[in-house]
Amino acid sequence: MPLAAWLADGDDAQLIRLLRLRPDLTQPPPGSIAALAARAAARQSVKAATDDLDFLHMAVLDALLTLHAETTTATFGELAELFGERADHADLRAAVDDLCDRALVWGDLTGEGALRVAAEVASSLPWYPGQATVESAALTPGDIRVAVESLDAGARELLDKLLEGSPIGRTRDAMPGTPPDRPVPRLLAAGLLRRLDDDTVILPRLVGQVLRGETPGPVSLSKPDPTVTKTKGADVDAVAAGAALDLLREVEMVLETLSDAPVVELRSGGLGIREVKRLTKVTGIEDRRLGLILEVAAAAGLIAPGIPEPDPTDAAGSVWAPTVAADRFVESSTAARWHLLVSAWIDLPGRPSLVGTRGPDGKPYAALSDSLFSTAAPLDRRLLLDTLSDLPAGAGVDADSASAAMVWRRPRWAVRLQRDPVADLLTEAHAVGAVGRGAIASPLRKLLSGDGDDAVIAAMEKVLPSPIDHFLLQADLTVVVPGPLERTLAEQLSTVANVESAGAAMVYRIDESSVRRALDTGKTAGELHALFNRYSKTPVPQALSYLIDDVARRHGQLRVGMAASFVRCEDAALLAQAVAAPATEAVELRLLAPTVAVSQAPISDVLSALRAAGFAPAAEDATGAIVDLRSRGARVPVPGRRRGYRHNPAPTDQTLAAIVAVLRKVASAPSSASRLDPAVAISELQQAAHHQESVVIGYVDPAGVATQRVVAPINVRGGQLTAYDPASGRVREFAIHRVTSVVSADSD
């Protein structure tokens, strides 16, 4: 039974299920069931339909091709017999039913009914038909490697030729009785070739994978269990939460660094190697991790190229800087910030693990450049996360087991799911707090299950450690923070201390410059003493009290205002010393009175010159109050949606039902009322060419004259039919879009 007739005999639910599983068939909606069948059997559509099939389903297709079900019929009994004990009958039946739902297989599904398979399935298999069904796995990958290493040059060259082109080779040496010392008999005996007939050999699938440096497989028709470790779910969540906190801290550090010093964008896009090295040095973040953070921040809309306002670089051209959305991000809750970043990472249309490595052309991959772009990257990430989410809570994987499981689930993606790329994906997943100890974290499970943003954020808040309201002062003027600080306290501490060591327990250091920075923001010595006395669980070191008092005593003795700028000081001798200092010559300080000097330089330049001369000036406003003149940082507008991965919305059930209703209506209309769909014409003409049958075509020539012609199709290519026309006695070409009907010349 042809596919079109089988679809027509099915019910509406079957057609709706087909369109839901293969949404490409709805764009544009088919004009008839015959057109739907032709489109479903087309090569591109078949490839799209097999993209998300696992190894069991692909092996069933392989077996049906081995039974020649693309040209004749095969029964379920023959299929089961071909697999033998390798496959459970219930699993096999379920796989066949699923393939029928996708219209890759059709026929009588009851009992031992006859089955057919779409011919174009052969081009969609990631191996030559029969290699997953007929070949045995008697040789292990280790055995194959040993056998390959023992080959001489001639035998290895023969295998390489089959590897580069078709795995099929024709040779007389495949005949029984050929001298065993020849390359082909030796390769056959070693299991490195398989005989198809007396003139043909084939390179086995596993052998080809070993020769290409791939992990051989899959072999088993049962889904593999990738679990290598088992951890308590709470421990997994704790590790993931710690990684999330590290990620957020480093993202904020990058935002602050780019805010103070935006990086010039390369003409080709992205960041130069020197700029990345500088960012690595300033932030202390390792190169490849920094590449991931930059890519995720850009995908989340937190950094972008543009002309910043204000522009601290005065550079002509575009620079990478934080966007105005970065300020809102910093003010959000910890869980909300993590949710934004991890969502951006999942759909990130690039491979940040390539940053710093070199491509085939020898050039290094630049961070934030188009060279990292990959539409397959988000698909691979989701496949990894889906693989992990199918496991029990706390079940962890490693790169090898995850790669094997992912290849089994998507054999057509095997080349990009080898160990190293999967290891990079796992590293990313750990870095963003999606995975802990090789197992998926509970907040990520909720995200993948589509529970909604609020549920995901609530789940992350549940696993994050509770913020603490204290720290531990040490005698060496370091501050140990044994957990995440409350946000307000963290901001106060970062004003008066510098981060010395990041991690789950952060270490800050207090020195003269950090105390001066706090005083520059308007803090008083009394407020700093109160901060440490209130929040330190350990006694405040006497050295810290002395340091604060000493810096505060000298701080602000010189006051800088606007003249363009002015400097005032109650100590006339100190002011005279400042005016005479060589470091202040550039700002041309001039005494107006023993305690007042003026300058035409901006207030920021005067402050910098005095600090360079060893003084500790403070800025003041018109009322004499100390003000903080630090730059608020550069910002660029939030860009439009970057080129990236987009989820194509699936057609709704209402849309699918409407399409099926139209198909039924067309099918019930008189045949003369409908024009032949070009896809149907192509399918029927290809079938006639394959069987060397003559057909009668309805054809409208360029002048608009409709005729009926008997032709013998030769091939269909590029929208043209090449066929022998007996009426003219020569081969002619016909435009497919002008063909109005195709009928067998042998029909009544």
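This passage goes through the domain layout, the salt bridges and one nonpolar surface patch of a predicted model.

Starting with the overall layout, the domain assignment splits the protein chain into domain 1 (141–212), domain 2 (228–462), domain 3 (472–554), domain 4 (558–637) and domain 5 (669–744). Going by C-alpha atoms, the centres of domain 1 and domain 3 sit 72 Å apart.

On the charged side, the tally is 36 salt bridges. One of them pairs D390 with R409, at 2.6 Å from N to O. This pair ties together distant parts of the chain, 19 residues apart: D390 lies in the loop between α18 (377–389) and β11 (395–396), while R409 belongs to helix α19 (residues 399–409). D390 is partly exposed, with 48% relative accessible area, whereas R409 comes out at 15% and counts as buried. Another salt bridge joins E250 to R249, with 3.7 Å between the closest N and O atoms. E250 is buried too, because its relative accessibility of 10% falls under the 20% cut-off.

Then there is D550 with R554, whose side chains meet at 3.4 Å, N to O. Both residues sit in helix α26 (residues 542–554), and being four residues apart puts about one helical turn between them. D550 is partly exposed at 27%, and R554 is likewise partly exposed at 30%. The pair doesn't stand alone: E512, R516 and R553 join D550 and R554 in a network of salt bridges.

As for the nonpolar surface, I714, Y724 and V731 make up a patch of about 260 Å². I714 is found in strand β24 (residues 706–717) and, at 44% relative accessibility, counts as partly exposed.

Notes
Residues numbered from 1 in each chain as written. Predicted model: local features only at pLDDT ≥ 70, side-chain atom pairs only at ≥ 80, totals over all residues. Heavy atoms only, no water. Patch = residues over 30% accessible without salt bridge, like charges linked within 9 Å, V, L, I, M, F, W, Y side chains within 5 Å. Areas by Shrake-Rupley, 256 points an atom, 1.4 Å probe, with all protein chains shown as cover. Salt bridge = Lys/Arg side-chain N within 4 Å of Asp/Glu carboxyl O. Helix = DSSP H or I, 4+ residues; strand = E, 2+ residues; numbered from the N terminus. Buried < 20%, exposed > 50% of the residue type's maximum accessible area, 1.4 Å probe, protein only. Domains from an automatic or database assignment.
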